[in-house]
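Dear colleague,

Please find below the structure that I am handing over to you. My notes on what was found in it follow.

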Amino acid sequence: MYLGGGDTTGMYLNTAGNATFAGNIYIPQYLIHDGDGDTYLEFAGADRIRLVAGAVEFIDACETTQDYITVGNSSDVDTKLIGGSGYIFIQGSDGYIGVNDITPTVPLDIAANTRITGTLTTTSDISATGA
């Protein structure tokens, strides 16, 4: 069945009840998961999108005078950014950052060879441990 106007826009329903859309879909505010009202995509006003699952806000993206993407805004949400064989992990409970380490025990825990180009400035002594 076809619902729409013209030959290039509309909604097609197949015999299984699945819908295919041709053209734009306009959503006033929420795209809600069927049967799970606390999991949704929200178009929160002009230039802002929120992704919420299980009533936990996972992503908030906003274009303002200072654009931002916030991950894990409303709860203890861990974040893992993967690129190639490495990753950056942000522990939601304390904000500790791990590079190739999902269990950082200090504010910056790097489990890889590290290079610093430029000046390293510290406000306390640097100590070395390990081999």
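**Overall arrangement**

From the N terminus on, the elements of the protein run β-β-β-β-β-β-β-β-β-β-β-β. In other words, the protein has twelve strands and zero helices. Please bear in mind that this is a predicted model.

The radius of gyration of the protein is 23 Å, well over the 14 Å that the globule rule gives for 131 residues, so the protein is more spread out than a compact globule. Along the principal axes, its C-alpha trace spans about 70 × 35 × 30 Å. Of the 131 residues, 15% count as buried. The contacts were also sorted by separation in sequence: among those between residues at least 6 apart, 0% join residues at least 24 apart.

**Salt bridges**

Side chains of opposite charge can pair when their charged atoms come close. How many salt bridges does the structure hold? There are three.

One of them joins the side chains of Arg48 and Asp60, at 2.7 Å from N to O. Arg48 lies in strand S6 (residues 48-53) and Asp60 in strand S7, so this pair ties together parts that are twelve residues apart in sequence. Is Asp60 buried or exposed? Asp60 counts as buried because its relative accessibility is 2%, under the 20% cut-off for that class. Its partner Arg48, at 28% relative accessibility, counts as partly exposed.

Asp60 deserves a further word. Strand S7, in which Asp60 lies, covers residues 56-62. Leaving aside its neighbours within four places in sequence, Asp60 is in contact with Arg48, Ile49, Arg50, Tyr68, Ile69, Thr70 and Asn73. With the side chain of Arg48, the side chain of Asp60 also makes a polar contact, at 2.7 Å.

The other salt bridges involve Arg50. The side chain of Arg50 meets that of Glu42 in a salt bridge of 2.3 Å, N to O. A salt bridge of 2.6 Å, N to O, joins the side chains of Arg50 and Glu57. Glu42, Arg50 and Glu57 are thus linked in a network of salt bridges. Each member of this network is buried: Arg50 has a relative accessible area of 17%, Glu42 has a relative accessibility of 6%, and Glu57 has a relative accessibility of 6%.

**Aromatic rings**

A pair of aromatic rings is described by the distance of the centres and the angle of the planes. A search of the whole structure finds one aromatic pair. The rings belong to Tyr30 and Tyr40; their centres are 5.2 Å apart and their planes stand at 80°, so the pair is edge-to-face. That label follows because planes over 60 degrees apart count as edge-to-face.

Where in the protein do Tyr30 and Tyr40 lie? Tyr30 lies in strand S4 (residues 30-32) and Tyr40 in strand S5 (residues 40-43), so the pair ties together parts that are ten residues apart in sequence. Tyr30 is partly exposed, with a relative accessible area of 39%, whereas Tyr40 is buried, with a relative accessible area of 16%.

One more ring should be mentioned. Lys80 lies over the face of Tyr87, at 4.4 Å from the ring centre.

With kind regards,

A colleague

Notes. Residues numbered from 1 in each chain as written. Heavy atoms only, no water. Helix = DSSP H or I, 4+ residues; strand = E, 2+ residues; numbered from the N terminus. Buried < 20%, exposed > 50% of the residue type's maximum accessible area, 1.4 Å probe, protein only. Polar contact = N/O pair within 3.5 Å; in protein donor to acceptor, adjacent residues only side chain to side chain. Contact = heavy atoms within 4.5 Å. Phe/Tyr/Trp six-rings, centres within 6.5 Å; stacked < 30°, edge-to-face > 60°. Lys NZ or Arg CZ within 6 Å of the ring centre and 35° of its normal. Salt bridge = Lys/Arg side-chain N within 4 Å of Asp/Glu carboxyl O. Rg over C-alpha atoms; globule rule 2.2 N^0.38 Å.
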